[in-house]
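Me: Got a minute to talk through a model with me? Let's put it up and go from there.

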Amino acid sequence: ADISEEDLNIIMHSKNSLLFSEGSAWEKKDGRFDVTMGSYDGAETCELVGLYLLHKINQFVPANQIGLYRDDGLAIIPNATGHRVDQIRKRIIQIFKDEGLKITVEPNLRIADFLDITMNLENGKYSPFKKPNSTLLYVNAQSNHPPA
C-alpha cells in the first residue's frame with residue numbers, strides 16, 4: 001500500500017528531535033530527524049528498520065541463520081569457507097552503508113557474546129555475559145515493580 005504525502009509528513013514530523021540545554025535550543029547539523037533513545041516509539045522504529053534490513057540480508061543469508069534484537073544481531077553460517085564468509089560480511093556492510101548506517105561484523109567467532117549470554121559454539125555451553133564496566137541492578141522481589 002502506498003503511503004500518502006500527508007501520512008509521510010506526519011511520520012517525518014513525529015521524528016523531529018529537539019534538545020534544550022541551559023535555556024537554548026540545540027539543533028543537529030543535518031536536520032532534526034532522529035530516533036532518540038528512550039523515545040516513545042524508539043523500540044518499534046528499531047524493530048521496523050531491523051526487519052527491513054533482515055529482508056534485504058535474507059536474499060543471501062537464510063532467515064533461520066540470522067536474527068536481530070534491537071541493534072544486536074547474530075548469524076551462524078555453517079560449513080562456509082573463509083572466502084564465502086568474507087563475501088557475506090562485505091554484502092551486509094554494503095546494505096547498511098546504502099541505508100546510511102554503519103555496522104561492525106566479527107566473522108568466524110567460536111565464542112560469541114550476544115545480549116547477556118556468552119555462547120561457545122564448539123562445545124555448546126553458555127554462560128551469563130555482562131559488558132565491562134556495566135553495573136547489575138536487581139529489583140527487590142518484594143517491590144511493587146510490575147512483573148516482567
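Reply: Sure, and one bit of vocabulary before we start: two strands pair if DSSP finds at least two bridges between them. Keep in mind that this is a predicted model.

Me: Okay, which residue in β6 is the bridge partner of Asp113?

Reply: Look at β5, residues 111-114, and β6: they pair in the antiparallel sense, with four bridges. Within that pairing, the β6 partner of Asp113 is Thr118.

Me: And which residue takes a positive phi in the hairpin of β5 and β6?

Reply: That hairpin has two residues between its strands. The one with a positive phi, near 60°, is Leu115.

Me: What does Ile117 stand opposite in β7?

Reply: β6 also runs antiparallel to β7, residues 126-128, and three bridges join them. Ile117 is on the uncovered face of β6, along with Met119. Across from Ile117 in β7 is Pro128.

Me: Over to the helix. Within what arc do the buried residues of α3 fall?

Reply: The buried ones are Val85, Ile88, Ile92, Ile95 and Phe96, where buried means under 20% relative accessible area. Seen down the axis of α3, they line one face of the helix, because they fall within an arc of 95°.

Me: Which exposed residues sit on the face of α3 turned away from its buried side?

Reply: The buried side has cover that includes α2, residues 42-57. The face turned away from that side carries the exposed residues His83, Lys97 and Asp98.

Note on methods:
Residues numbered from 1 in each chain as written. Predicted model: local features only at pLDDT ≥ 70, side-chain atom pairs only at ≥ 80, totals over all residues. Heavy atoms only, no water. Buried < 20%, exposed > 50% of the residue type's maximum accessible area, 1.4 Å probe, protein only. Arc of directions from axis to C-beta. Contact = heavy atoms within 4.5 Å.
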